[in-house]
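This report looks at how two helices meet and at one pair of aromatic rings. Please have the structure open while reading.

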Amino acid sequence: MPTCPRCGAEKEDRDHIIHCPSSDNWFQTMITTITTWMYKQRTDPMLLTIMTTGIKSWRKNESVDPTKYPTKYQNLITEHNSIGRKQIFNGRWSKQWGQIQQEHYRANQDKKKTGSGWAKKLLLIIWEC
């Protein structure tokens, strides 16, 4: 197994790259890229917050407390905590991400976009980072 060229840790895998204290610049760029894309796609603002908070909390080995969010989003957070927050990077997401975004598009009369298409494109953005 390769060692990390940034910090010298024995194990360098995908999880380490995200958690590595020497990858702060890359991590911030990733969060900025995700945030910018989500904003341009007229993402439900709470979904944007939940996504970036979830990624940041996983990096810090912290949990996300669903009770700190509006009721509409609590099942999503609970389900995603159960799936595992690192699964965002593996493409294993709660279907509620797309469903809630679809509701947001409908509420804003954006009939050309779909929540499932939004989720697929967001996953590609994350993978490209």
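## Contact between helix 2 and helix 3

In this predicted model, helix 2 and helix 3 meet through residues from both sides. Helix 2 contributes Asp24, Phe27, Met30, Ile31, Ile34, Thr35, Met38 and Tyr39. From helix 3 come Leu47, Leu48, Met51, Thr52, Ile55, Lys56 and Arg59. Sorted by character, the residues of this contact are ten nonpolar, two polar and three charged.

## Geometry of the helix pair

Two packed helices are described by the angle between their axes and by the distance between those axes. Helix 2 spans residues 24-40 and helix 3 spans residues 45-59. They pack at an angle of about 165°, and their axes are 10 Å apart. Because angles over 145 degrees count as roughly antiparallel, helix 2 is roughly antiparallel to helix 3. The crossing of the two helices is right-handed.

## An aromatic pair that involves helix 3

There are three aromatic pairs in the structure. One of them is formed by Trp58 and Phe89. Their ring centres are 5.6 Å apart, with 40° between the planes, and the pair is tilted.

Which parts does this pair tie together? Trp58 lies in helix 3, while Phe89 lies in the loop between helix 4 (71-83) and helix 5 (96-107), so the pair links parts that are 31 residues apart in sequence.

## Burial of the two rings

Are Trp58 and Phe89 buried or exposed? Residues under 20% relative accessible area count as buried. Trp58, at 11% relative accessibility, is therefore buried. Phe89 has 9% relative accessibility, so Phe89 also counts as buried.

Notes. Residues numbered from 1 in each chain as written. Predicted model: local features only at pLDDT ≥ 70, side-chain atom pairs only at ≥ 80, totals over all residues. Heavy atoms only, no water. Axes fitted to C-alpha atoms, helices over the stretch in contact; angles between N-to-C directions. Helix = DSSP H or I, 4+ residues; strand = E, 2+ residues; numbered from the N terminus. Parallel < 35°, antiparallel > 145°, perpendicular 65-115°, else oblique. Left-handed = near helix turned anticlockwise from the far one by under 90°. Contact = heavy atoms within 4.5 Å. Nonpolar A, V, L, I, M, F, W, Y, C, P; charged D, E, K, R; others polar. Phe/Tyr/Trp six-rings, centres within 6.5 Å; stacked < 30°, edge-to-face > 60°. Buried < 20%, exposed > 50% of the residue type's maximum accessible area, 1.4 Å probe, protein only.
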